[in-house]
Amino acid sequence: MIFLHNFFSSKFSKYISCLLVVYLLFVAFSCSNSKSTSLSENQLFSIKYGSFENEILLFNINKVGDINTNIAMRDGFFFIANGEAKKIIEMNSYGNVLNLFYNNENNPVPSFADEKDNTRLNISTQRATEYPFNNIGPIAVDSRKYLYVADTLPLERQQQDDEHSLHLAEIVLVFDEDGGFVNYLGQNGRGGDPFPAIKSIYTNAQNELIVVCYTNSGLDVFWYTPNGDLQYTIHLAPSNIPNPYEDTEGVFITLDNVVPDYNEKKLHIKADYYVSSIDSASKVLAGVDYDATILHTFDIPSLMYTSSLNISPYTQSSAEGLAKVEYNEPYNFLGITASGWFFFMIADEFGYTVQMVQEDGQKILKRHFDVDRSKILYYSFNLSDNGIISALFAKKDEAVVNWWRTDQQIDAIRKN
């Protein structure tokens, strides 16, 4: 009996071991072929609501309109342009205030400012710079630690472009690494005419500034030298973007976003293509359906489109009765890294899905950010040049700053 028991025990153990090996292989194979890997929130610090130097204002019952607060990250330092408070805060990854740029009519004098001169102050690691901001918009920081911020001119200095039916009211302010005001940039460069509404601003590896503006027909891109001299002006519209459906009727093109390359003088233009659907019975227009997303690369010196890359859409599913219906949605174009990875993002039921596409399209990574979006009242995302995604999430009682080290995911792929 003992022999039989040992025999069956050894046989059973071998059987279980085989099953375990098969199971582990199955799990490993399944994980390697999964669509996306979930990454939990990595909260760095929180910010209270208020008027002090380490607080931000987001919700003002006396002001109507959208929240106008943006985040940027450079080399582990976070810059929060708080439009509602007319100030910009630089913080480290622990949430400590390093620098403050503020309008003294809307903010109290910082606790670390000089009582005799509130204009500029350097005390160990903290600095205050006073500037009469009007309506702060997007921000960017270059490798020199120069700070660029979009702002709105006073009403008496705004202009009207009658030829293009555009209101010109915005400029880009430039502050140096010590917090000193350098100059402001307009369309023509230093001290130039104001921009139309600014969508976003960028810097690249050469510390050049790129300003993207809305127009009535599409987007205008202004490209400047590190000294603020205008190099290029590019007009983009659906009518001058490559259209692979040119022989098809009822095609609509949406110019979603344009992002400059980090290393070269190129623009990456995300276009979404929609096709009209005709009801087979009535032969009338039934609607317009999303069909494809293409990322076009435009070489600025040659003024030519050099490549196009199809971007896979996000597949959404919903239940209609007993049936499961799937439909495609375009991702939002977040940006490009110095190593040539395109980042796309979209909100989903459980947070955000990020799709990272290598510049040649050979490799695609998908990651899911587990975020309880029901608690988020407002958000701002930023992609750093090395591939770190940062976010400012405004919640009921405070704002939090998170980041996701997607750069580590990319580095692992590059090393392998």
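Is Asp407 buried or exposed? Asp407 is buried, with a relative accessible area of 6%. The model behind this value is predicted.

## The Arg405 bridge

Asp407 has a charged partner. Arg405 forms a salt bridge with Asp407. The closest N and O atoms are 2.8 Å apart. Arg405 counts as partly exposed, at 30% relative accessibility. The cut-off for buried is under 20%, so Arg405 at 30% falls outside that class.

## Other salt bridges

The structure holds 11 salt bridges. Side chains of opposite charge can pair when their charged atoms come close. Arg144 and Asp142 form one of these bridges, with 2.9 Å between the closest N and O atoms. Asp142 is buried, at a relative accessible area of 0%. Arg144 counts as partly exposed, at 27% relative accessibility.

Glu208 and Lys265 meet through their side chains in a salt bridge of 3.0 Å, N to O. This pair links distant parts of the chain, 57 residues apart. Glu208 sits in the loop between strand 17 (198-203) and strand 18 (209-214). Lys265 sits in the loop between strand 21 (251-260) and strand 22 (266-278). Glu208 is buried, with a relative accessible area of 5%. Lys265 is partly exposed, with 24%.

Some bridges share partners. Asp256, Lys270 and Asp272 are joined in this way into one network.

## A buried acid without a bridge

Glu55 lies in strand 3 (residues 55-56). Glu55 is buried yet has no salt bridge. What is the nearest side chain of opposite charge to Glu55? It is Lys87, 6.5 Å away. A salt bridge needs nitrogen and oxygen within 4 Å, so Lys87 at 6.5 Å does not qualify.

Glu55 does have a polar partner. Its side chain reaches the backbone nitrogen of Ser51 at 3.1 Å. Leaving aside residues up to four places away in sequence, Glu55 touches Ile47, Lys48, Tyr49, Gly50, Lys87 and Ile89. Lys87 is thus in contact with Glu55, but no salt bridge is formed by Glu55.

## Aromatic pairs

A pair of aromatic rings is described by the distance of the centres and the angle of the planes. The structure holds 24 aromatic pairs. In one of them, the rings of Phe133 and Phe175 have centres 6.0 Å apart and planes at 55 degrees, so the pair is tilted. It links distant parts of the chain, 42 residues apart. Phe133 is in the loop between strand 9 (126-130) and strand 10 (139-141). Phe175 is in strand 14 (residues 170-175). Phe133 and Phe175 are both buried.

Phe333 and Phe342 form an edge-to-face pair. Their centres are 6.2 Å apart, with 65 degrees between the planes. Edge-to-face begins over 60 degrees, so the 65 degrees of this pair fit that class. Phe333 is buried at 5% relative accessibility. Phe342 is buried too, with a relative accessible area of 2%.

Ring pairs also build a cluster. Its members are Tyr352, Phe369, Tyr379, Phe381, Phe393 and Trp404.

## Charges over rings

Which ring does Arg144 lie over? Arg144 lies over the face of Tyr146, at 3.9 Å from the ring centre. The side chain of Arg144 also takes part in the salt bridge with Asp142.

Lys145 lies over the face of Phe77. The distance from the ring centre is 4.9 Å.

Notes
Residues are numbered from 1 along each chain as its sequence is written. This is a predicted model: local features need pLDDT of at least 70, side-chain atom pairs count only at pLDDT 80 or more; totals for chains, interfaces and linings use all residues. Side-chain values use heavy atoms; hydrogens and water are left out. Rings of Phe, Tyr and Trp (its six-membered ring) pair if their centres lie within 6.5 Å; planes under 30 degrees apart count as stacked, over 60 as edge-to-face and the rest as tilted. Helices (H or I, at least four residues) and strands (E, at least two) are DSSP runs, numbered from the N terminus. Buried means under 20% relative accessible area, exposed over 50%, partly exposed in between (1.4 Å probe, protein chains only). A charge sits over a ring if NZ of Lys or CZ of Arg is within 6 Å of the ring centre and within 35 degrees of the ring normal. Lys and Arg count as positive and Asp and Glu as negative; His and the chain ends are not counted. A polar contact is a pair of N or O atoms within 3.5 Å; within protein, one must be able to donate a hydrogen and the other to accept it, and residues adjacent in sequence count only if both atoms are side-chain atoms. Contact means heavy atoms within 4.5 Å.
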